[in-house]
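Open the structure in your viewer and keep the sequence beside it, so that each stop of this tour can be selected in turn. What should be selected first, and what is there?

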Amino acid sequence: MTTFIAEVLLDLRAKGFNLSELTFILPSKRAGTFLKHELSLLANTTLFAPETLSIEEFVADLSGLTPATNTELLFHFYNTYLDLHDKAVKPEPFESFSKWAQILLQDFNEIDRYLIPQKKIFDYLGDIQELSHWSLEPEKTEFVQNYLSFWNSLHTYYNHYTTNLLQQGIGYQGLLYRKASENIQNYSGSTKKTHIFLGFNALNTAEENIIQTLLKSEHAHIYWDIDKTFIENPIHDAGLFTREHKANWKYFKNHPFNWITTNYSAPKNMSLIGIPKTIGQAKYIGTILKQLSKTNPNLANTAVVLGDENLLIPVLNSIPKEVKALNVTMGFPLKSIPLATLFESLFDLHKKNKTRFYYKDIITIVSHQFIRPLLQSETKDYASIILNSIKTNNLVFLNKEDLFDIASPFKKILELLFGNWHNNPNKALESFIKLITAIKTNLNTNKDANVLALEYAFKFNELFNNIKRLNSVYPHLNSLHSLHQVYKELLSSETLDFQGEPLQGLQVMGMLESRVLDFETVILSSVNEGILPAGKSNNSFIPFDVKLENKLPTYKEKDAVYTYHFYRLLQRAKQIFILYNTEADALTGGEKSRFITQLELENIHHITHKIATPTVPVIPQKLNTIQKTPAVINRLKAIAEKGFSPSSLSNYVRNPIDFYYDKVLHIKTSEEVEETVAANTLGTVVHNTLEDFYKPLEGQFLTESHIKTMETNIPERVAHHFKSEYKKGDFSSGKNLIIFEIAKRYVSNFLKSELKVLSSGNEIKIIAIESEFKQIPIAIPGLAFPVTIGGKVDRVDECNGITRIIDYKTGKVEQNNVELVNWDDLNTDYKKYSKPFQILCYAYMMQSNKTLNFPVEAGIISFKNLNSGFLKFAKKDKNGAGAKKDFSISNDTIEAFKIQLQHLITEIFNPEIPFIEKEV
């Protein structure tokens, strides 16, 4: 394959030009590197490299101005806005100004690049706004007057703004083009250089004037790269601009048009591949590259061109290990660097301008990979100490001093992170720069391992220093919101350049980087409507019809630009893979591109079309199974000797795998901060409050005076236990205050129910409160080692001479939840029989401990169902409405339960029965 650049060089040499003395003007700077490489392959002898310039560099030299960054231009424009703004009206703050100012600056840019008379178009815009305004009122309101005044002042804004920029020797791109166009006659008359323009397509009016002036004075030659298929078809957008130049430029009436090729019609291996979603495309690119590397190990003359540049990171992660040489021309987006998430988190934290910080915000910052090492001493990890302290003490909101108390050796770092910025951008910038210095110092302790991280730190240090410099000259940033907006503006456009060899191996690039370059193998991604081409966008104050009138580019011309780039990539390629997303998405691109449909309708090339879908293996769902090894059995023996609790045994019935994780492996659920009081915390508070009230009454008969005394102490005892269980969590407002009141209401309602029972003539004697039973033995046939159970009974009392075993539940329990028909169901259905299982466990433990006096009843008091009173365990003879119920607990009842308990524990120790996960 002979590239376009090589063809141009061969033609120039054939015409007798000394290539070293020429000045080459190309669409991009990168193309100059490829031009010099082609020249080195062409040259037979040593020669000086010619001067190569991108069109932007050439225009900047010609204009005598220095290009300014977008942010710098915005600061300058705000100066103009403040100078010309009506002093009687409060000016807009910088952050709201910047939103519309950037659009207006883009319009200034277009107007200047296309050399439109400024006054004419601004007056036109003002007149349009005047016509579009309508009102039934005879007089315009102040708001409407201000609105129209702004549009009528656009020319004044433009003149003031550009005059100030010119005085400082800087400009935006359009201003550079206008000045270059004004200077071209003088330059053309004085220069002795021969300029070679190559690879251009769409030209703005300034570029056309510059090039045609140099062509007319015979100081330039121009080479187009257009195929016969496109230029001879009057409706093909790929040749739209070239056809216009060929027809309208006077130069081509007497000079040849260089040149029209026939490369596009040459045979090509073209594949259209539909792939679901963007990540699917990235993965498929990796598959293609792996196949290509088998026949072309270095992937020479191969390019991956990303229609959607957001695919860069997924594509880089999908490149197979077989690819040894790689060059990325796009730059790594700064916003994708991990350090960007840290500064975004700090902005989010401090924009709230609070002295107390939400714990999740603190955890996000303290846990960040660049901050955590800054909070480590030789012996302690203070980041972990802060995180554990937040969880242990249930701290939902913390201030700076709280953090100082937890990690006092690192007050300086914590001050940088959490010190009050007082909504002051300068304070924020100072903290950011000092923080980057601290990060850099830490990274330098191991430079070799942190090379990339140091690059990150350097780039962000440069970014914040740039903002600080701008704000010191133009102090327009007066809030963290305005600073954050400028920061995001810079972040979106800044990249970290990759280091690579641009002339070797695989090339990964965006569509615009492919200008003038040719590759034998092209992989082009994201060929969908809304991406290639981009389609309609209205980032302008200039209406569509005004653009047409003044020959400014509209979305139609922009689509034609992308059409040219797309087809030019295919011209000399031999193997082409065109990938598109089969899943239409309004945000990231619609249906497949019109380019694909056009390729198919042209019928010039044989095109293979397929839909690629990932192979998704059918994996049968398997329940998690854990075999009982000797080590597991030994662990179970240790648990049995210490004592199974009723809750652990019922947990086994619910799901054996959970029992295994909890009791055998000791894997606990991660402790989280309770922002809202959890149900188990509420239950503990109620239990502990009732224990305080009833424990002193053990062995006594309960009286109404006891209850009334308890009622007076409810607020103090509930508050005490809330503080104990909820640690430093706040329950003085919001949902937590409601839950606090609910806890008091639970206790109060319970005491009222007790009072109601007593007033009905019943006698209640308190036997035991929170009575704990440890290592109650149970003989298991076939097991030659001790097995015990243990637990704590909430309350044992005598009601009219009948012993009651009572379990408190803060949740809702109905009578049918404590009834049993078949004993065998007790060990199989957790949802129905977990509550009878637990209360029968308590009865068994008390009988074994010889503390049970018959007659006995066992059951539950539900705080959400107090009207039902004491819900007694009942053994039913059958299901249904007419079933007989036995509410008493006898020796036979306990013996029947003991048999089920033995069966359950035997199963737990049976090495032939693994722990099998139960389906939810």
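A residue is called buried here when its relative accessible area is under 20%, exposed when that area is over 50%, and partly exposed in between. The model on the screen is a predicted one.

**First stop: strand β1**

Select β1 (22-26), where 5 of the 5 residues are buried, so that the strand counts as mostly covered. Colour L22, F24 and L26 in one shade and T23 and I25 in another, and you will have marked the two faces of β1, both of which are covered. In a regular strand the side chains alternate between the two faces of the sheet.

Now add the neighbouring strands, β2 (51-54) and β5 (194-200). β1 runs parallel to β5 and is joined to it by 4 bridges, and F24 is the residue that stands opposite I196 of β5. Towards β2 there are likewise 4 bridges, again in a parallel arrangement; here I25 stands opposite L53, and F24 stands opposite T52.

**Second stop: the sheet around β1**

Widen the selection until it takes in the open sheet of 4 strands, whose order is β2-β1-β5-β6 and whose pairing is parallel. At its edges are β2 and β6 (220-224), each of which pairs on one side only. From one strand to the next the twist averages 20°.

Select helix α10 (residues 205-216) as well, which lies across β5 and β6 and runs at about 125° to β6.

**Third stop: helix α2**

Which elements make a β-α-β unit with α2? They are β1 and β2, and the unit that β1, α2 and β2 make is right-handed. Select helix α2 (residues 29-42), which has 14 residues: at 1.5 Å a residue these should span 20 Å, and the end C-alpha atoms are 21 Å apart, which agrees.

Show the side chains of R30, A31, G32, F34, L35, E38, L39 and L42 where they have one, for these are the buried residues of α2. An α-helix has 3.6 residues a turn, so residues three or four places apart point the same way. What covers the buried residues of α2 includes β1, β2 and β5 from the sheet just visited, together with α1 (4-14), β11 (326-328) and β16 (506-510).

**Fourth stop: a second sheet**

Move on to the open sheet of 5 strands, with the order β21-β22-β23-β25-β26 and mixed pairing. β21 (764-777) and β26 (870-872) stand at the edges with a single partner strand each, so one side of each is left without a neighbour in the sheet. The twist from one strand to the next averages 40°.

Within this sheet, select β23 and β25, which pair in the parallel sense over 7 bridges; K809 has its bridge partner, S862, in β25. Then bring in helix α33 (residues 734-759), which packs on the sheet and touches β21, β22 (788-799), β23 and β25, its direction making about 120° with that of β21.

**Fifth stop: T803**

Stay in strand β23 (residues 802-809) and select T803. Is T803 buried or exposed? At 4% relative accessibility it counts as buried. The side chain of T803 reaches the backbone oxygen of N853 at 2.9 Å. Leaving aside residues up to four places away in sequence, T803 touches V796, D797, E798, N853, P855, V856 and E857.

One of these contacts, P855, leads to a special peptide bond: F854 and P855 are joined in the cis form, with omega about 0°. P855 lies in the loop between α34 (830-848) and β25 (856-862).

**Last stops: loops**

Another cis peptide bond can be found by selecting L532 and P533, where omega is about -5°. P533 belongs to the loop between β17 (521-525) and α24 (544-549).

Next, go to K277, in the loop between β9 (269-275) and α14 (278-295), where phi is positive, about 70°, although K277 is not a glycine. K277 is partly exposed, its relative accessible area being 45%.

Finally, select K551, which lies in the loop between α24 and α25 (555-571). K551 also has a positive phi, about 60°, without being a glycine, and at 71% relative accessibility K551 counts as exposed.

Notes:
Residues numbered from 1 in each chain as written. Predicted model: local features only at pLDDT ≥ 70, side-chain atom pairs only at ≥ 80, totals over all residues. Heavy atoms only, no water. Expected span 1.5 Å × (residues − 1). Buried < 20%, exposed > 50% of the residue type's maximum accessible area, 1.4 Å probe, protein only. Contact = heavy atoms within 4.5 Å. Polar contact = N/O pair within 3.5 Å; in protein donor to acceptor, adjacent residues only side chain to side chain. Pairing = 2+ DSSP bridges. Right-handed = clockwise from strand over helix to strand, strands pointing away. Axes fitted to C-alpha atoms, helices over the stretch in contact; angles between N-to-C directions.
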